Amino acid sequence: MRKFNKYLYSILIVVGMLVPGLAQAYELEYNHNIPGNLTGYATPNYVVGHESGNGNNVGPNSLENEVNYMTRYPNYLNANVTHWVGSGGRVIQIQVPGKVSWGAGANANWQSYAQVELARTNDYNTFQKDYASYVELLRDLAGKGGIPKALDEGGRGIKTHRWISWNLGGTDHTDPYGYLNSWGVSEAKFKSDIKNGISGVTPKPNPVPTNPTVKPDGSAAIPSKGDTVNFTGTKDIYGTNLWVSNPYQVKEISGNRAVLTKNGGIFAAVNVKDLKVVSSTKPTTPKPTTPNSSGTYSGFTKETAKFTVTVNEGVQARVNGYGLNAKKGGVLQRNQAINYDGWAARDGYIWVHYKGYSGDDLFIPVRPINQNAWGTFK
Ligand SMILES: [Zn+2]
């Protein structure tokens, strides 16, 4: 049976990779170091979500490190949870769900069916897998405990450590919101993912820079992946001082956070506002000929070029207004081209304007501000 189960899991994982947006399946791993008779059974009112808060443990083995530490005698006598998630969506059970664990203070522990810790990472892809498993596990545990899949609402349900601190007391931690936020997961998204699961949730565009400064060539003055940058702050997003000298290269950008590399290794995760671009690898739109002149849509910088869509999923056009809230028109398919007459930045994207056959003002996003274009310019 065990072999069969493994086979089943691998099918689930493969399907999960092929169908974007489908919840990723995790395989439960076990660590039996904590004695089973350590505590009695809990009143199953809550499942508690935590994150480690450990900014010194963010590498590829962060999950193993946390589990090894927390399950070692006598460490588990001070604090323990039932599950750990990390290192690319792995899940390790260290105590039987249903039994009392000690992670959220005296007022919540006896009422907690399970408590889940999330190990940190400095890698965006790893985080995405971790987050999917974290949400899925919290939901699964709530299901098993007969607990509502509602996050931080009144009564029984899935709770963050912060909710416990603010509503039950006996503890003062506010995790996991800060860490989730640092990767662009808002409270609202976390809430909705707990309610609905990860599948069926459309990935949101990266958080919009409040005041994107756009260079004359159409590329943002905020850094892009591959850029060489100087770090102008002092601490990384975990509050640790950076001591390696400038410059760095940008390995990954997600919302307000950038992962910096030095000589090819992952070095640090920092806030984008603390970066100054030294040299950029890609202005991805051509130079505008006469900035801010007429002959294009109001507020747009004039520039005429042909844009050909190259992404398989096509690009959603907007009618008589631009931005993510503007009315949707058709979808420009791959290899379709338009001749545009100007561009502007809004909602995290560079938009271009063109006229439809019926005289409508049409707009398409040609790329997210920090990222590659969804087509070619000629
Ligand atoms: Zn916590």
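**A walk through the sheet, the core and the loops**

In this predicted model, strands β3 and β4 form a hairpin in which three residues lie between the two strands, and Ser87, in the turn, has a positive phi of about 50 degrees. The two strands, β4 covering residues 90-93, pair in the antiparallel sense over four bridges, and within this pairing Gly86 has Arg90 of β4 as its bridge partner. Strands of a sheet pair through backbone hydrogen bonds, either parallel or antiparallel. Both kinds of pairing can be followed from β3, since β3 also pairs with strand β5 (residues 112-118), here in the parallel sense and over three bridges, with Val85 standing opposite Leu118 in β5.

From the hairpin we can step back to the whole sheet. The sheet is open and has six strands in the order β1-β4-β3-β5-β2-β6, with mixed pairing. Because β1 (28-30) and β6 stand at the edges and each has a single partner strand, one side of each is left without a neighbour in the sheet. From one strand to the next, the twist averages 25 degrees. At the β1 edge, three bridges join β1 to β4, and these two strands run parallel; Leu28 has Val91 of β4 as its bridge partner.

Which residues of β3 are buried on one side of the strand, and which on the other? In β3 (residues 83-86), His83 and Val85 are buried on one side, while Trp84 and Gly86 are buried on the other, and both faces of the strand are therefore covered. This fits a general pattern: in a regular strand the side chains alternate between the two faces of the sheet. Helix α2 (residues 62-70) lies across β3, β4 and β5, and runs at about 160 degrees to β3.

Val85 also leads us into the interior, where it is among the residues with the most contacts inside the largest nonpolar core, together with Val47, Tyr134, Leu137 and Leu138; this core has 43 residues. Helix α5 (residues 124-145) gives the most to the core, with nine residues. In soluble globular proteins, nonpolar side chains tend to be buried together. Leaving aside residues up to four places away in sequence, Leu138 touches Val47, Gly49, Val116, Ile158 and Ile194. A second, separate core has 23 residues, including Phe307, Ala344, Trp351 and Trp374.

Ile194, one of the contacts of Leu138, is buried in helix α8 (residues 187-196), as are Phe190 and Asp193. These residues cover an arc of only 100 degrees around the axis, which means that they are on the same side of α8. Among the elements that cover the buried residues of α8 are α5, β6 (157-160) and α7 (177-182). Just after α8, Gly197 takes a positive phi of about 85 degrees.

Finally, the loops hold some details of the backbone. Most residues other than glycine have a negative phi, and most peptide bonds are trans. Against that background, Asp152, in the loop between α5 and β6, has a positive phi of about 55 degrees although it is not a glycine, and Asn320, in the loop between β13 (315-319) and β14 (328-332), has a positive phi near 55 degrees. Are these residues buried or exposed? Asp152 is partly exposed, because 19 other C-beta atoms lie within 10 Å, whereas Asn320, with 12 other C-beta atoms within 10 Å, is exposed. A cis peptide bond joins Tyr73 and Pro74, with omega about 0 degrees, and Pro74 has its place in the loop between α2 and α3 (75-78).

Definitions and conventions: Residues are numbered from 1 along each chain as its sequence is written. This is a predicted model: local features need pLDDT of at least 70, side-chain atom pairs count only at pLDDT 80 or more; totals for chains, interfaces and linings use all residues. A nonpolar core is a set of buried Ala, Val, Leu, Ile, Met, Phe, Trp, Tyr and Cys residues joined through C-beta atoms within 7 Å. A residue is buried if 20 or more other C-beta atoms lie within 10 Å of its own, exposed if 12 or fewer, and partly exposed in between; C-beta atoms are placed from the backbone. Two residues are in contact if their C-beta atoms, placed from the backbone, lie within 7 Å. Two strands pair if DSSP finds at least two bridges between them. The arc is that of the directions from the helix axis to the C-beta atoms. Axes are lines fitted to C-alpha atoms, for helices over the stretch in contact, and angles run from 0 to 180 degrees between N-to-C directions.
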